[in-house]
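Hi everyone, thanks for making time. Let me put the structure up so we can walk through it together.

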Amino acid sequence: MQRDIESCNTYNYGDATYWDARYVQEAGPFDWYQRYSSLRPFFRKFVPSSARILMVGCGNAVLSEDMVKDGYEDIVNIDISSVAIDMMKKKYENIPQLKYMKMDVRDMSYFPDDSFESVIDKGICGTDAPLSAAQMLGEVSRLLKPGGIYMLITYGDPTVRVPHLNRDRYNWKITLYIKSRPGFKKPGGISSSSKSLLEPVPITEKGLLPPGFVLEDPESHYIYVCQKMDGMMDVGDAPIDLETESVVYR
């Protein structure tokens, strides 16, 4: 977790040069926030294995690899770092389910509208890096097919994420889930609550949690499941078979 906090305070966090240098120095794989094993229930509920998936800011994580091992068939991975992309292309050159492309999330015009059933983002954090959240989210909305899912995994709480996600032009139905950090235990060594992992947390349009709501883990991670409702009836929670105008990768 300390690595998450430190990196989110980095002023050049959205700079490709910074990430190229970092991936040269830290060539080993690294997954932000949560591994696939802990996120699997959400993926299996909301993202069909046959879906065409876009993984934004893929870095050198093994999330996509783990998804393919679990039966996912078509994942396009993009990142601003050419070093990361070249590394991952070489690593997975014999895995046809995985494609890697250097791309900036602010401009994904390479892809036509309605190109993907799902976009996975693990995860964006908002600081003062000069990346436009509106540009990125507009592109995500454009690329999603009607009924498609944008899943954002982040440490950003609803008060700073929902105002960006809940905009009329995206027409997303937003459902929030909260997950403790991997290995988190309550004081005294007690494991976290046995409450259903897939029980959504109600929020207001302004991103407020219910009165009196208390996080078991004060550094919990938030999972926003945003369904594109264009041309769709509200399907509720059934399976389908951010603080400023600036964001930064991760």
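Before anything else, one word I'll use a lot: buried means under 20% relative accessible area, exposed means over 50%, and partly exposed is in between, with a 1.4 Å probe and protein chains only as cover. Now, some housekeeping: this is a predicted model, where local features need pLDDT of at least 70, side-chain atom pairs count only at pLDDT 80 or more, and totals for chains, interfaces and linings use all residues. Residues are numbered from 1 along each chain as its sequence is written, and side-chain values use heavy atoms, with hydrogens and water left out.

Okay, the overview. We have 250 residues, and 51% of them count as buried. The protein exposes about 11,500 Å², with carbon and sulfur atoms supplying 52% of that; those areas come from the Shrake-Rupley method with a 1.4 Å probe. In secondary structure, there are 7 helices and 9 strands. Those are DSSP runs, helices being H or I over at least four residues and strands being E over at least two, numbered from the N terminus.

So, how are the strands of the sheet ordered? Reading across, it goes β3-β2-β1-β4-β5-β9-β6, which is 7 strands in an open sheet with mixed pairing. The edges belong to β3 (98–102) and β6 (172–179): each has a single partner strand, so one side of each is left without a neighbour in the sheet. On average, neighbouring strands are turned by 20 degrees against each other, direction ignored. And when I say two strands pair, I mean DSSP finds at least two bridges between them. As a reminder, strands of a sheet pair through backbone hydrogen bonds, either parallel or antiparallel.

Let's start from the β3 edge. Strand β2, residues 74–79, runs parallel to β3 and is joined to it by 5 bridges. If you want a spot to click on, Ile75 stands opposite Leu98 in β3. Helix α5, residues 82–91, packs on the sheet here, touching β2 and β3, and its direction makes about 155 degrees with that of β3. Contact there means heavy atoms within 4.5 Å. For the angles, axes are lines fitted to C-alpha atoms, for helices over the stretch in contact, and the values run from 0 to 180 degrees between N-to-C directions.

Next, β4, residues 116–122, which is mostly covered, with 6 of its 7 residues buried. On one side it pairs with β1 (residues 52–56), running parallel over 4 bridges, and there Val56 has Asp121 as its bridge partner. β4 also pairs with β5, residues 144–154, again in the parallel sense, over 6 bridges. In that pairing, Lys122 is matched with Ile153.

Then the sense of pairing changes. β5 and β9 run antiparallel, joined by 6 bridges, with Tyr150 partnered by Cys226 in β9. β9 and β6 are antiparallel as well, over 8 bridges, and Ile178 pairs with Tyr222. How much of β9 is buried? For residues 221–228, it's 8 of 8, so the strand is largely enclosed by the rest of the structure. Both faces are covered: His221, Ile223, Val225 and Gln227 on one side, and Tyr222, Tyr224, Cys226 and Lys228 on the other.

Last topic, salt bridges. The rule is a side-chain nitrogen of Lys or Arg within 4 Å of a carboxyl oxygen of Asp or Glu, and the count comes to 11. Take Asp66 and Arg35, whose closest N and O atoms are 3.6 Å apart. Asp66 sits in helix α4 (residues 63–69) and Arg35 in the loop between α2 (16–25) and α3 (36–46), so the pair ties together parts that are 31 residues apart in sequence. Asp66 is buried at 18% relative accessible area, while Arg35 is partly exposed at 43%.

Within α4, Lys69 and Glu65 are 4 residues apart, about one turn of the helix, and their salt bridge has its closest N and O atoms 2.9 Å apart. Lys69 is exposed at 65%, whereas Glu65 is buried at 19%. There's also a network: Arg40, Arg44 and Asp70 are joined by salt bridges that share partners.
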